[in-house]
Every structure is written in C-alpha cells, then in structure tokens.
Amino acid sequence: MMLPGRVVADYALNPTKQPLEHAMSMTFSGQVALVTGGAAGIGRATALAFAREGLKVVVADLDLAGGEATVALIHAAGGEALFIACDVTRDAEVRQLHERLIAAYGRLDYAYNNAGIEIEQGRLAEGSEAEFDAIMGVNVKGVWLCMKYQLPLLLAQGGGAIVNTASVAGLGAAPKMSIYSASKHAVIGLTKSAAIEYAKKGIRVNAVCPAVIDTDMFRRAYEADPRKAEFAAAMHPVGRIGTVEEIASAVLYLCSDGAAFTTGHCLTVDGGATAI
Ligand code: NAD
C-alpha cells in the first residue's frame with residue numbers, strides 16, 4: 001500500500017533513492033472500484049482488470065444480462081464483484097447506485113465513468129434533436145452525474161481517483177459524428193475542471209482517449225461495411241485497431257499510485273492516430 005505523496009516524502013528523506021523506483025508502480029491504495037458501462041466492451045475488460053488486481057468491483061450498466069455476466073466472469077476468476085443496474089442519465093438512479101455501493105462495500109476508491117453511446121448522425125445539419133439529446137444525455141450528463149455523487153464520497157475519505165472515458169473524437173474533429181465529438185470534448189472539460197477543483201484534496205481526475213477499439217460499438221459502426229473496417233485499421237499508424245485490454249491497462253495506470261502526480265490529463269491510447 002503506497003499513499004499519494006509517499007514518493008516525494010521518500011525522496012526528500014533520502015535523495016539517493018530515486019523517485020523513478022516507484023514510477024511504474026501499479027499498486028493501489030484503495031480497495032473498491034466502480035465501472036459504469038461495465039456490461040460490455042471496454043467497461044467489462046476494465047472491471048475484470050480491477051478484479052485481477054484484488055479490488056472489489058461494482059459493475060453498473062443499463063444492460064442487466066451483460067452486467068450480471070461481467071460479475072459472473074469476475075466470480076469465476078476468484079474475484080469479488082456486484083452488479084447494480086443504473087441508467088447514468090437519471091439523477092435518482094445514479095444517487096442510488098452510489099448509496100448501494102457504499103451499503104455493500106463501505107467505500108469507493110476508484111471510479112471509471114465509461115458508459116457511453118455513439119450514433120453516426122451524418123453531417124452536422126442532418127442530425128436530429130433526439131440524437132443530440134440521447135448522446136449528450138449518456139456521454140455528458142451521465143459522466144457529470146456520476147462525478148457529482150463520487151466526489152463527495154472521495155472527499156469524505158480523503159482521496160481517490162476518477163477516470164472518464166473521452167475519445168480521440170474529444171480532441172479533434174469527427175466528421176459525421178459531430179454530436180459525439182462535442183460530447184467527448186465536454187467530457188474532457190468536465191475532467192479538467194474537476195481535476196483542478198479537487199487537486200489539493202487528494203482526488204485525481206483523468207480521462208482516457210481511445211481511438212477505434214474492437215468492441216460492439218465498433219462492430220455496429222464499422223463491421224457492416226468491410227471498407228470502413230479497413231479504413232479504421234489504416235487510420236492508426238500501428239496498422240490495427242486497439243483492444244479493450246489496452247484501454248483497461250491505461251485506466252488502471254491512471255488509478256494506480258504510479259500516477260500519483262497525474263491529474264487533469266487526457267491520455268490518448270490510439271496507436272499513434274493523433275500524432276500524425
Ligand atoms: P459498448 O457499446 O460495447 O459498451 C458501452 C456500455 O455502456 C454498454 O454496456 C451499454 O449498455 C452501457 N450504457 C449505454 N448507455 C448507458 C446508460 N444510459 N446507463 C448505463 N450504461 C449505459 O461500447 P464501448 O466501445 O465499450 O464504449 C465504452 C466507452 O468508450 C464509451 O464511452 C465510448 O464512447 C468510448 N469509446 C469507444 C471507442 C471504440 O472504438 N469502441 C472509441 C473511443 C471511445
């Protein structure tokens with residue numbers, strides 16, 4: 001168990017001991033992690049990764065069967081997990097999610113706000129009000145509501161870490177997905193603002209920005225058209241799309257004590273796509 005600030009304290013006491021010794025640590029000071037959108041894709045992989053590290057995991061999702069299946073996978077691997085049904089767009093459900101989580105495990109140390117939807121709405125002028133409200137509801141309001149209930153819990157405990165799922169579409173243009181792109185830019189705004197507001201309180205808030213990752217979301221958007229799938233692979237300099245495990249390991253790093261000095265950061269996990 002390494003507490004935030006310990007690295008600096010060790011170094012101050014013993015300057016010959018290099019802080020780098022701790023830099024790649026994936027140790028966790030806390031015990032309980034929450035993953036929203038944990039019934040599938042990136043969320044499921046991250047819930048499994050937290051459980052492999054010995055954390056108790058609360059899986060939250062709209063999808064009851066998928067959420068229970070994630071928990072069953074964790075139990076089968078010897079881990080501890082609980083599924084709580086929750087629509088992240090509804091204030092009362094998000095409040096109840098956090099109340100139930102505390103009732104079950106007594107604390108929250110890491111929250112991964114990952115539930116999200118993508119709708120390819122065509123060019124900007126072709127989008128509908130319903131699409132706008134749906135995308136903004138899950139991707140922006142959902143992340144905001146989750147942080148609204150998480151931050152007081154982390155504050156009361158004296159610290160913790162939050163990671164939100166943004167996207168490379170939150171860093172630049174996403175033609176024919178302008179509403180999605182706007183929603184992910186907003187996630188980055190929420191992430192950075194919360195990080196600064198709580199920086200002195202031991203709470204770190206970061207985001208991951210995946211490029212195209214092989215999940216149901218990707219298959220719905222790309223698999224129907226093989227040319228799109230080829231294009232998706234080619235847009236990453238490494239020549240392939242990413243895996244859910246590659247996002248999970250970035251999330252775990254951002255939660256770990258090895259990232260104790262990292263807050264307000266948006267970590268691209270994109271096979272070089274944004275470096276071009
Ligand atoms: P996915 O569709 O496989 O999983 C998303 C999960 O979120 C599902 O289990 C779904 O039921 C849940 N969900 C949707 N609306 C919800 C709501 N209102 N309340 C609670 N849960 C809800 O998608 P994924 O690819 O794993 O995406 C996860 C996150 O990663 C999303 O925020 C997405 O925008 C982001 N992302 C995905 C990619 C990609 O290529 N797959 C790239 C960049 C960012």
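Here are a few notes on the protein and the ligand bound to it, for anyone opening this structure for the first time.

1. Start with a caveat: this is a predicted model. The protein is built from 10 helices and seven strands.

2. On overall shape, the C-alpha trace spans about 60 × 40 × 40 Å along its principal axes. The radius of gyration is 18 Å, and a compact globule of 276 residues would have one near 19 Å, so the protein agrees with that expectation.

3. Now look for the ligand, which sits in the largest pocket. Three elements give two or more residues each to the shell around the ligand: α3 (41-52), α7 (178-197) and α8 (216-223). Of these, α8 has the largest share, with three residues.

4. What is the shell around the ligand like in character? Its residues divide into 16 nonpolar, eight polar and six charged. Of the 30 residues around the ligand, the ones that come nearest are Asp61, Asn114, Tyr180, Ile213 and Thr215.

5. A few polar contacts are worth clicking on. The side chain of Asp61 has an N or O atom 2.6 Å from an oxygen atom of the ligand. Val88 takes part through its backbone, with an N or O atom 3.0 Å from a nitrogen atom of the ligand. Arg220 uses its side chain, where an N or O atom is 3.0 Å from a ligand oxygen atom.

6. Finally, how much of the ligand does the protein cover? On its own the ligand has 820 Å² of accessible area, and the protein covers 93% of that.

Notes:
Residues are numbered from 1 along each chain as its sequence is written. This is a predicted model: local features need pLDDT of at least 70, side-chain atom pairs count only at pLDDT 80 or more; totals for chains, interfaces and linings use all residues. Side-chain values use heavy atoms; hydrogens and water are left out. A residue is near a molecule or strand if one of its heavy atoms lies within 4 Å of it. A polar contact is a pair of N or O atoms within 3.5 Å; within protein, one must be able to donate a hydrogen and the other to accept it, and residues adjacent in sequence count only if both atoms are side-chain atoms. Accessible areas come from the Shrake-Rupley method with a 1.4 Å probe; for residues, only the protein chains shown count as cover. On a 1 Å grid over the protein atoms alone, a cavity is a set of points where a 1.4 Å probe fits but cannot get out, and a pocket is an open set with protein on both sides within 12 Å along at least five of seven lines; lining residues have an atom within 4 Å of a point. A molecule sits in a cavity or pocket if more than half of its atoms lie within 2 Å of its grid points. Helices (H or I, at least four residues) and strands (E, at least two) are DSSP runs, numbered from the N terminus. Ala, Val, Leu, Ile, Met, Phe, Trp, Tyr, Cys and Pro count as nonpolar, Asp, Glu, Lys and Arg as charged, and the others, Gly among them, as polar. The radius of gyration is taken over C-alpha atoms; the globule rule is 2.2 Å times the number of residues to the power 0.38.
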